[in-house]
Amino acid sequence: MSKEKTRNAQLFAWAVVIAVVSFIAGARSDQIFAAIAPKLGMRYSAERLDTERIQETYRQLKAQYDGNLDTDKLINGASRGLVAATGDPYTTFMDAEEAKEFEKSLNGNIGGGIGAEIGLRNNRPTVVRVLRNSPAEEAQVKAGDIIIAVNGNSVADATTEQVVEKIRGEVNTTVKLQVLRNYQRLEMSMTRKQITAPAVEHDIVDGVGILKVYRFGEETGTLARAAAEAFKQNNVQKVILDLRSNPGGTVTAAQALAGLWLDNQDIMTERRGDKVVKTVKSTGKPLLQDIKTVVLIDRSSASASEIVAGALQEYSKAKLLGEKSYGKGSVQQLIKLRDGAQLKVTEARWYTPKGHTIDKTGIEPDEKVGLTANDMNFGKDPQMDAAKKLSW
């Protein structure tokens with residue numbers, strides 16, 4: 001019997017034991033499971049919170065409040081408050097609807113839209129990027145177009161979020177944009193489609209392979225490896241890995257991306273207190289291990305982005321260029337709760353291969369190059385320009 005089959009058999013046996021003992025023991029099942037859980041490689045606490053004060057608050061609220069009470073909202077609110085009291089911004093409670101939206105964000109599922117990224121440039125809502133094969137591209141929307149109206153309604157004083165909200169809608173419905181391009185007003189009509197933002201895009205410019213990673217999700221490793229294979233086939237002499245404004249994602253995706261340069265090497269360790277509880281290695285064949293690489297980072301490069309950037313820097317596989325990264329050195333676990341709710345809880349802190357923590361301090365680039373709002377307003381990218389010129 002294989003190790004995997006043996007482990008599955010053991011897990012099944014323990015599950016049967018837990019079920020039988022819990023049935024017999026009744027109220028003591030929590031304590032029993034807490035004792036058995038470590039043998040299953042799980043963490044479990046049998047401690048219970050004294051909720052009498054919460055019950056007292058509810059009874060008084062129910063008796064005195066002049067209005068209708070939604071018990072589901074009260075329960076969600078109590079759970080949200082309990083989790084928020086940890087003081088950890090990365091430990092959060094999500095109700096069923098929020099959990100669904102979070103899952104969509106991990107997969108890049110935007111919903112009904114036109115496939116255009118909107119940002120503020122000179123305090124005006126402006127198209128920053130147009131996704132390939134999107135309604136926006138088909139309608140010939142261009143990066144730099146200033147949006148002045150959506151469906152005939154001015155958005156001159158609207159925030160980016162408000163403009164995006166107006167543009168998004170049901171799939172197969174029509175949205176009309178009025179944009180300003182080179183002082184010329186243009187009107188465009190397009191049909192919304194289901195939009196999934198790409199996790200990875202790549203290009204080859206003047207013999208330099210440019211790999212832009214937007215998020216660390218299920219497809220990141222596969223798409224990045226396909227890009228690396230394209231780089232090898234075209235004999236690129238240099239690669240630029242762009243992790244700017246990348247908030248992170250799954251550790252599995254970070255392992256796969258780092259594995260393009262590292263050969264089954266440690267990319268981080270996880271610690272609870274002073275104890276190392278897990279060592280995480282890169283995965284896959286290192287197709288780019290001998291190719292000079294520059295990693296672009298900025299103040300919004302966080303979490304999995306920092307795991308990859310830190311590992312490549314410490315193994316001298318890449319030069320880091322840009323600005324100091326965000327500094328998120330914690331690891332979160334997603335736990336499904338009843339009724340579709342989820343708990344995202346910080347379960348450990350991660351450290352670089354050489355044992356450094358970047359939590360709240362970030363990673364310093366080897367070459368500091370800024371990117372100002374004025375640069376972005378005029379479509380300039382001094383960081384990318386410097387990365388193309390950097391040699392070692």
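## Glu364 and other salt bridges at the surface

Let's start with Glu364, which counts as partly exposed at 39% relative accessibility in this predicted model. Its side chain meets that of Lys368 in a salt bridge, with N and O 3.4 Å apart. Lys368 itself counts as exposed, at 64% relative accessibility. The cut-off for that label is over 50%, so Lys368 qualifies and Glu364 doesn't.

Another pair to look up is Glu52 and Arg59, whose closest N and O atoms are 2.6 Å apart in a salt bridge. Glu52 is partly exposed, with a relative accessible area of 42%. Arg59 is partly exposed as well, at 45%. If you're keeping a tally, the structure holds 15 salt bridges.

## A buried pair and its network

Now for a pair away from the surface: Lys212 and Asp242 are both buried. They form a salt bridge in which the closest N and O atoms are 3.5 Å apart. This one ties together distant parts of the chain, since Lys212 belongs to strand 11 (residues 208-213) and Asp242 to strand 12 (residues 238-242), 30 residues apart.

The pair also has company. Arg244 and Asp381 join Lys212 and Asp242 in a network of salt bridges.

## The six-strand sheet

Strands 11 and 12 both appear in an open sheet of six strands, ordered 10-11-12-15-16-19, where the pairing is mixed. The edges are taken by strand 10 (200-205) and strand 19 (367-368). Each of these has a single partner strand, so one side of each has no neighbour in the sheet. Helix 8 (residues 220-233) packs on this sheet and touches strands 10, 11 and 12. The direction of helix 8 makes about 10° with that of strand 10.

Further along the order, strand 15 (residues 292-297) and strand 16 (residues 319-322) run parallel and are joined by four bridges. If you want a spot to check by eye, Ile297 stands opposite Gly322 in strand 16.

## Strand 13 and its two partners

Strand 13 (residues 266-272) pairs with strand 14 (residues 275-281) in the antiparallel sense, over six bridges. One of the matched positions is Arg272, whose bridge partner in strand 14 is Lys275. The two strands make a hairpin with two residues between them, and Gly273 there takes a positive phi near 70°.

Strand 13 also pairs with strand 18 (residues 342-351), again antiparallel, over three bridges. Here Arg271 stands opposite Arg349 in strand 18.

Thr269 is a handy residue for seeing both sides of this arrangement. It's found in strand 13 and is buried, with a relative accessible area of 15%. Beyond its neighbours within four places in sequence, Thr269 is in contact with Val276, Lys278, Thr279, Arg349, Trp350 and Tyr351.

## Helix 5, end to end

Helix 5 (residues 96-106) has a cap at its N-terminal end, supplied by Asp95. A side-chain oxygen of Asp95 lies 3.2 Å from the backbone nitrogen of Glu97. After the helix comes Gly108, whose phi is positive, near 75°.

## Positive phi outside glycine

Most residues other than glycine have a negative phi. Two to look at here are Tyr183, with phi near 65°, and Asn264, with phi near 50°. Tyr183 is found in the loop between strand 7 (174-181) and strand 8 (184-191), and is exposed, with a relative accessible area of 84%. Asn264 is found in the loop between helix 9 (251-258) and strand 13.

## The whole chain

Stepping back, the protein has twelve helices and 19 strands. Of its 392 residues, 40% are buried. Take the contacts between residues at least 6 apart in sequence, and 63% of them join residues at least 24 apart. The accessible surface comes to about 22,800 Å², with 49% of that belonging to carbon and sulfur atoms.

Notes:
Residues are numbered from 1 along each chain as its sequence is written. This is a predicted model: local features need pLDDT of at least 70, side-chain atom pairs count only at pLDDT 80 or more; totals for chains, interfaces and linings use all residues. Side-chain values use heavy atoms; hydrogens and water are left out. Buried means under 20% relative accessible area, exposed over 50%, partly exposed in between (1.4 Å probe, protein chains only). Contact means heavy atoms within 4.5 Å. Accessible areas come from the Shrake-Rupley method with a 1.4 Å probe; for residues, only the protein chains shown count as cover. A salt bridge is a side-chain nitrogen of Lys or Arg within 4 Å of a carboxyl oxygen of Asp or Glu. Two strands pair if DSSP finds at least two bridges between them. A polar contact is a pair of N or O atoms within 3.5 Å; within protein, one must be able to donate a hydrogen and the other to accept it, and residues adjacent in sequence count only if both atoms are side-chain atoms. Axes are lines fitted to C-alpha atoms, for helices over the stretch in contact, and angles run from 0 to 180 degrees between N-to-C directions.
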